[in-house]
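Trainee: Could you take me through the salt bridges here? I would like a close look at who pairs with whom, and at what surrounds the pairs.

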Amino acid sequence: MTFPGPLVPAPDRVTAPQRRLLGVEVWIVLLLSLLQSAIYATVSLVAKLTRGPLSDQTATLNASRSDRSWLDLTYQLLGIGFALMPVVLVLYLLVRSGDAPRRVMGIGRGSPAGDAGWGIGLAALIGLPGLAFYFIGRAVGITATIVPSALDDHWWRVPVLISSALMNSVLEEVIVVGYLMWRLTQLGWGRWQVLATSAALRGSYHLYQGVGPAIGNAVMGIVFGYFYQRTGRIVPLVIAHAILDIVAFVGYALLKDALNLP
């Protein structure tokens with residue numbers, strides 16, 4: 001099965017010696033970032049399943065790390081900053097290998113207005129069905145109760161939640177879409193293999209939330225990966241992901257008490 005029409009990105013395949021080095025590089029990058037998260041998420045899911053029904057358990061995304069405001073803020077900012085270091089590593093490795101990050105990520109290929117429009121559209125396409133899928137997953141017992149924010153009500157809570165959302169969107173879209181799909185294509189993988197691998201990885205590091213969110217995020221990975229294969233651009237994906245997380249994190253924090261949420 002093939003996609004109709006032209007496809008991007010279309011990097012040249014590498015030679016056998018380069019292939020071995022790039023294969024090792026991909027494993028190192030993933031084990032330092034989102035594959036590591038996937039392994040921890042899998043262990044977390046096993047722990048939840050052996051403790052009791054998933055529907056009775058909770059997955060907290062943004063938790064307080066200290067009962068002292070200034071120290072909690074310090075921990076939050078350090079966590080966000082260090083979480084972005086794999087992105088810096090990926091950009092460095094792309095430059096070292098002669099793959100311009102602007103070309104790999106498609107930066108500058110679209111207009112700001114067009115990127116924003118695509119981002120909003122993709123967020124709506126993923127967000128509304130995703131919300132329904134969450135409640136269905138809760139009803140059938142394959143999804144834990146997700147608490148998007150457990151930060152105390154400090155003056156910095158909303159800015160930190162927005163920063164966390166931006167960090168998630170940049171980290172995931174740069175590594176799981178831009179970098180991974182480019183490298184796997186260079187290694188000679190087929191389009192469908194590349195797309196399925198990227199989507200499966202995205203789903204796997206959400207397993208700590210339950211089976212339902214893992215499936216939902218894998219579907220999101222298919223949509224986002226297909227968009228990248230058709231356009232070669234990740235900026236709209238970063239925008240869409242950021243919108244989804246900001247709405248979830250900030251909306252929950254501001255409406256939790258009013259709606260009597262857990």
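**Salt bridges and their surroundings**

Mentor: Happy to. Searching the whole structure, which is a predicted model, turns up six salt bridges. Let's go through three of them.

Start with Arg183 and Glu25, whose side chains meet in a salt bridge at 2.8 Å, N to O. Arg183 belongs to helix α7 (residues 157-186) and Glu25 to helix α1, so this pair ties together parts that are 158 residues apart in sequence. Both partners, Arg183 and Glu25, are buried.

Next come Arg202 and Glu173, with side chains that also meet in a salt bridge, 2.8 Å from N to O. Here Arg202 sits in helix α8 (residues 191-204) and Glu173 in helix α7, so the pair ties together parts 29 residues apart in sequence. Arg202 is buried, as is Glu173. There is a network to look for as well: salt bridges that share partners join Glu25, Asp99 and Arg183 into one.

The third pair is Arg157 with Asp153, where the side chains meet in a salt bridge at 3.2 Å, N to O. Are its two partners buried or exposed? Arg157 has 13% relative accessibility and counts as buried, because the cut-off for buried is under 20%. Asp153 has a relative accessible area of 65%, and exposed means over 50%, so Asp153 is exposed. As background for such pairs, side chains of opposite charge can pair when their charged atoms come close.

Now back to helix α1, the home of Glu25, for a look at the surface. Leu31 is also in α1. With a relative accessible area of 40%, Leu31 is partly exposed, because that value falls between the 20% and 50% limits. Leu31 joins Trp27, Ile39 and Val43 in a nonpolar patch on the surface, and together they have about 420 Å² of accessible area. Two helices, α1 (16-31) and α2 (34-51), each supply at least two residues of this patch.

One more helix is worth a visit. Helix α6 covers residues 112-140, and at 1.5 Å a residue its 29 residues should span 42 Å; the C-alpha atoms at its ends are 41 Å apart, which agrees. Its buried residues include Asp115 and Tyr134, along with Gly119, Leu122, Ala123, Ile126 and Gly137. After α6 comes Gly141, with a positive phi near 85°.

Technical notes
Residues are numbered from 1 along each chain as its sequence is written. This is a predicted model: local features need pLDDT of at least 70, side-chain atom pairs count only at pLDDT 80 or more; totals for chains, interfaces and linings use all residues. Side-chain values use heavy atoms; hydrogens and water are left out. Patches are made of residues with over 30% relative accessible area and no salt bridge: like charges are joined within 9 Å, nonpolar side chains (Val, Leu, Ile, Met, Phe, Trp, Tyr) within 5 Å. Accessible areas come from the Shrake-Rupley method with a 1.4 Å probe; for residues, only the protein chains shown count as cover. A salt bridge is a side-chain nitrogen of Lys or Arg within 4 Å of a carboxyl oxygen of Asp or Glu. Helices (H or I, at least four residues) and strands (E, at least two) are DSSP runs, numbered from the N terminus. Buried means under 20% relative accessible area, exposed over 50%, partly exposed in between (1.4 Å probe, protein chains only). The expected span of a helix is 1.5 Å times one less than its number of residues.
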